[in-house]
Amino acid sequence: MNVSFDISYYPLGCDHIPHILDFIERLHRYPTLEVVTNGLSTQVFGEFDDAFNAFRTEIRKSFELPLSVFVIKVVNVDQRNYSS
């Protein structure tokens, strides 16, 4: 099953830009995921298990900061290929 994620990451209490860019760069390292960024969020497209395994690993790394907030929306379709 393919999924689409929309992620916003808010590292708090620090210079947040380097941490956000690092998180996005780490997601780009997964060859089975497509990562698209814009000014408000990052979209990730891929197979369910691949995407969730990558997020579990990378969000855990990001939580090494004292306070990090993620807002994540998940849709059970590949929204790139979906038309209503």
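1. Start with the side chains of aspartate 6 and glutamine 43: a polar contact of 2.6 Å joins them. Keep in mind that this is a predicted model. Aspartate 6 also uses its side chain for a polar contact of 2.9 Å with the side chain of serine 41.

2. Where does aspartate 6 sit? It is found in strand β1. With a relative accessible area of 19%, aspartate 6 is buried, because the cut-off for that label is under 20%. Leaving aside neighbours within four places in sequence, aspartate 6 is in contact with Ser41, Thr42 and Gln43, and also with Val71, Ile72 and Lys73. Of the helices and strands, β3 covers 42-47 and β4 covers 68-75.

3. Now the nonpolar core. The largest one has 16 residues. Phe5, Ile7, Phe23, Leu27, Val44 and Phe55 are the residues with the most contacts inside this core. Who supplies it? β1 (2-11), α1 (16-28) and α2 (48-62) each give at least two residues.

4. Leucine 27 deserves a look of its own. Not counting residues up to four places away in sequence, Leu27 touches Ile7, Val35, Val44, Phe55 and Glu58. Among those partners, Ile7, Val44 and Phe55 are also on the list of residues with the most contacts inside the core. Glu58 turns up again below, in the salt bridges.

5. On to α1. This helix has 13 residues and reaches 19 Å from its first C-alpha to its last, close to the 18 Å expected at 1.5 Å a residue. Which residues of α1 are buried? They are Phe23, Ile24, Arg26 and Leu27. Seen down the axis of α1, these buried residues fall within an arc of 160 degrees, so they line one face of the helix. What they pack against is a fair list: β1, β2 (34-37), β3, α2 and β4.

6. α2 can be read the same way. It has 15 residues and spans 21 Å from first C-alpha to last, close to the 21 Å expected at 1.5 Å a residue. Its buried residues are Ala51, Ala54, Phe55, Glu58, Ile59 and Ser62. Down the axis of α2 these fall within an arc of 120 degrees, so they line one face of the helix. On the other side of α2, Arg56 and Arg60 are exposed. The buried residues of α2 pack against β1, α1, β3 and β4.

7. Check the start of α2 as well. There, a side-chain oxygen of glutamate 47 reaches to within 2.9 Å of the backbone nitrogen of aspartate 49.

8. The structure holds four salt bridges. One of them joins aspartate 22 and arginine 26, with the closest N and O atoms 2.4 Å apart. These two are four residues apart in helix α1, so about one helical turn separates them. Is each partner buried or exposed? Aspartate 22 is partly exposed, at a relative accessible area of 36%, while arginine 26 is buried at 8%.

9. Arginine 26 has another partner. Glutamate 58 forms a salt bridge with arginine 26, again with closest N and O atoms 2.4 Å apart. This pair links distant parts of the chain: glutamate 58 is in helix α2 and arginine 26 in helix α1, 32 residues apart. Glutamate 58 counts as buried, at 3% relative accessibility.

10. Glutamate 58 also pairs with lysine 61, the closest N and O atoms being 3.7 Å apart. Lysine 61 and glutamate 58 are three residues apart in helix α2, so they too are separated by about one helical turn. Lysine 61 counts as partly exposed, at 40% relative accessibility. Put the pairs together and you get a network of salt bridges linking Asp22, Arg26, Glu58 and Lys61.

11. Last stop, the loop between α2 and β4, which is the place of glutamate 64. Glutamate 64 is exposed, with a relative accessible area of 67%. How far is it from glutamate 25, in sequence and in space? The two are 39 residues apart in sequence and 17 Å apart in space, C-alpha to C-alpha.

Technical notes. Residues are numbered from 1 along each chain as its sequence is written. This is a predicted model: local features need pLDDT of at least 70, side-chain atom pairs count only at pLDDT 80 or more; totals for chains, interfaces and linings use all residues. Side-chain values use heavy atoms; hydrogens and water are left out. A nonpolar core is a set of buried Ala, Val, Leu, Ile, Met, Phe, Trp, Tyr and Cys residues joined through side-chain atoms within 4.5 Å. Buried means under 20% relative accessible area, exposed over 50%, partly exposed in between (1.4 Å probe, protein chains only). Contact means heavy atoms within 4.5 Å. The expected span of a helix is 1.5 Å times one less than its number of residues. The arc is that of the directions from the helix axis to the C-beta atoms. A polar contact is a pair of N or O atoms within 3.5 Å; within protein, one must be able to donate a hydrogen and the other to accept it, and residues adjacent in sequence count only if both atoms are side-chain atoms. A salt bridge is a side-chain nitrogen of Lys or Arg within 4 Å of a carboxyl oxygen of Asp or Glu.
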